[in-house]
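Trainee: Could you take me through the aromatic pairs here, and then through a few of the residues packed around them? I would like a close look, with the cut-offs spelled out.

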Amino acid sequence: MDKLPIVLDLTGTFVFALSGALAGARRELDLFGVLVLSFAAGNSGGITRDLLIGAVPPGAVGDWRYLGVSLVAGLITFYCSPLIVRMSNPILIFDAAGLALFAVAGSSKALSFGLNPLMATVLGVVTGIGGGMVRDLLLAEIPTVLRAELYAVAALVASAIVVVGHMMQLPVAAVTSMALISCFLLRVVAIRRGWRLPVAKIAKRKDADVAKRNQTGPGSS
């Protein structure tokens, strides 16, 4: 359990960095902007988790491999973006993979630091959604976690599987594989099928009321 988070962290960092860099390339940012988004998307969730559990300095700051992985992902995306963009929904696929990896890594590392099961699950979710939220905020977009199909829920499922498996002392490899596959498949299927949590309708109702008043006119009784 102690060695697992670093492997998942670096893999998740690379995958999330790809999604961040590709999002920047699609918005026609320059090389520096793409690399900034690559690092932010790949490391924000892990930095937040490490600060909350007292693992300072955070791995992304104290270990050069995080920066290296992020920059490599950014450079690959910047110079090969036409090839990557031709893939089917590349940002969503990379994002789903990064979400799964970070959710598992976050909950695993929290458990290795002795956190209780509930908080370990929460930190798994925080780790999973952090990078995507910062990426979207830097691009002046509503974060995907607040509007997309079962984003945080998928991270919650993965974190819960890891925590329950740890409590039941099940084999780490089997639990990790199940958590990764469950999160990734749930996120991808939710995207394909349009599954999502209930959406607030207040704005639509307000717009409908305004339209109704405009139709009746100011002189209507």
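Mentor: Happy to; here is a walk through the rings, followed by two residues from the helices. This is a predicted model, in which local features need pLDDT of at least 70 and side-chain atom pairs count only at pLDDT 80 or more, while totals for chains, interfaces and linings use all residues. Residues are numbered from 1 along each chain as its sequence is written, and side-chain values use heavy atoms, with hydrogens and water left out.

The protein chain has a mean pLDDT of 85 (the predictor's confidence in each residue, from 0 to 100), and 85% of its residues reach 70 or more. Among its elements, helix 7 (residues 151-167) has the highest mean, 94, and helix 9 (residues 202-216) the lowest, 59. Helices here are DSSP runs of H or I with at least four residues, numbered from the N terminus.

Now to the rings. The structure holds 2 aromatic pairs. Rings of Phe, Tyr and Trp (its six-membered ring) pair if their centres lie within 6.5 Å; planes under 30 degrees apart count as stacked, over 60 as edge-to-face and the rest as tilted. F16 and F102 have ring centres 5.4 Å apart and planes at 35 degrees, so this pair is tilted. Because F16 sits in helix 1 (residues 4-26) and F102 in helix 5 (residues 90-112), the pair ties together parts that are 86 residues apart in sequence. F16 is buried at 0% relative accessibility, and F102 is buried too, at 1%; buried means under 20% relative accessible area, exposed over 50%, and partly exposed in between (1.4 Å probe, protein chains only).

The pair of F78 and Y79 is edge-to-face, with 5.1 Å from centre to centre and 85 degrees between the planes. Here F78 is partly exposed at 27%, and Y79 is exposed at 57%.

F102 leads us on to T127, a residue of helix 6 (residues 117-138). Leaving aside neighbours within four places in sequence, T127 is in contact (heavy atoms within 4.5 Å) with F102, G45, G46, R49 and G106. T127 is buried, with a relative accessible area of 0%, and a polar atom of its side chain lies 2.7 Å from the backbone oxygen of L123.

Back in helix 1, where F16 lies, we also find A21. A21 is buried at 0% relative accessibility. Its C-alpha is 5.0 Å from that of V34, 13 residues apart in sequence. Not counting residues up to four places away in sequence, A21 touches V34, S38, A73, G74 and T77.

Conventions:
Helices (H or I, at least four residues) and strands (E, at least two) are DSSP runs, numbered from the N terminus. A polar contact is a pair of N or O atoms within 3.5 Å; within protein, one must be able to donate a hydrogen and the other to accept it, and residues adjacent in sequence count only if both atoms are side-chain atoms.
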